[in-house]
Amino acid sequence: MATESYAVCDNCGTQFGEASPVDCPICWDVRNQMRRGQPRGWTTVEQLGADHRNVFRDDAGFTGIGTEPAFGLEQRAVLVPFGESNLLWDCVTLIDDETVAEIERRGGLSAIAISHPHYYASMVQWAERFDVPVYLHEDDRAWAMRDDSRIVFWSGETLSLSDDLTLVRVGGQFAGSQILHVASRDAVLVGDSVLTTLDPDWVGFSYASGEIPGGGWTQLLPLDEVATKQLHDAFAALDFDLVVGSWWEHNLPTNGKDIILRSAVRSILAVRGDVSARTMPPVGGYAPLEERPTLETSPFREAERV
Ligand SMILES: [Zn+2]
């Protein structure tokens, strides 16, 4: 089957292993449901390439890859140095000759790993093009909409890919949600297992949330205590300072571990109804009022969305 025949959901950007899927299970799941009530359509990677392009840009010291104009869930992928080559962390739907050439120029690709099903995108087309494996957690196998022998479903809690790179299952939004630990950079790449807010002192943890471009949310369902504790313990076992999130500039440049652990404790107290969560100070205490971020100065404000 030619790649032009593989349908892509134009809401979430997932590519299916068939030309005419009945519907998109990822979009009907409560954890996505962006633009609920609007008709969904289908496109292909090739059609997408007619009026979109990928851009490469430094983000937190890594090379980010994002699609313009925005498409799907608007995540950006990240090229992570992997030996003499790179690992692609998370994925975007558009892959074209220009994207491949730029990645080859930057050392090529030797593996793909994806945090959770919302970013599976056209992972099989990427894997075919570079002839590399895709590492997904076994617990999310049912969400892979296009089968391929290059997909490696791993099980357990950690998978070491090299001395530098380790996949860690953290669970939470999906049972198989994983993060990538990069030892040489003292960093974790977290997908949306950790949600940065306008306040850089705290992060949030959500089972279902989706910010719609231009403002508004699709769901605001908090993560339960058991899952938040599991996330807390997975991050507590790692050494890191830098946290790299799902979208451009949605990163914690420093103190990331302390911020995540303290935020997880606060979230658990809050869902228990413990009022001490409401007055818990952040790591290092609150900055003086005049130094706290505002809508104008928050590092997570995305200028291109204004
Ligand atoms: Zn979809």
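The following exchange examines one sheet in a predicted model, with attention to strand 12.

Student: Which strands are the edge strands of the open sheet?

Tutor: Six strands make up this open sheet, with mixed pairing, in the order 10-11-12-13-18-19. An edge strand pairs on one side only. That description applies to strand 10 (158–160) and strand 19 (251–252).

Student: How many bridges join strand 11 to strand 12, and which residue of strand 12 stands opposite V168?

Tutor: Strand 11 covers residues 165–169 and strand 12 covers residues 178–182. The two run antiparallel and are paired over five bridges. Within this pairing, T166 faces H181 of strand 12. The residue opposite V168 is I179.

Student: Why is strand 12 described as largely enclosed by the rest of the structure?

Tutor: Q178, L180 and V182 point one way from the strand, while I179 and H181 point the other way. Residues pointing in either direction are buried, a label that requires 20 or more other C-beta atoms within 10 Å of a residue's own. Strand 12 is therefore largely enclosed, because the number of its residues that are buried is five of the five.

Student: Which residue in the hairpin of strand 12 and strand 13 takes a positive phi?

Tutor: Strand 13 (residues 187–189) runs antiparallel to strand 12, and three bridges join them. In this pairing L180 stands opposite L189. The hairpin has four residues between its strands. The positive phi, near 55°, belongs to D186.

Methods. Residues are numbered from 1 along each chain as its sequence is written. This is a predicted model: local features need pLDDT of at least 70, side-chain atom pairs count only at pLDDT 80 or more; totals for chains, interfaces and linings use all residues. Two strands pair if DSSP finds at least two bridges between them. A residue is buried if 20 or more other C-beta atoms lie within 10 Å of its own, exposed if 12 or fewer, and partly exposed in between; C-beta atoms are placed from the backbone.
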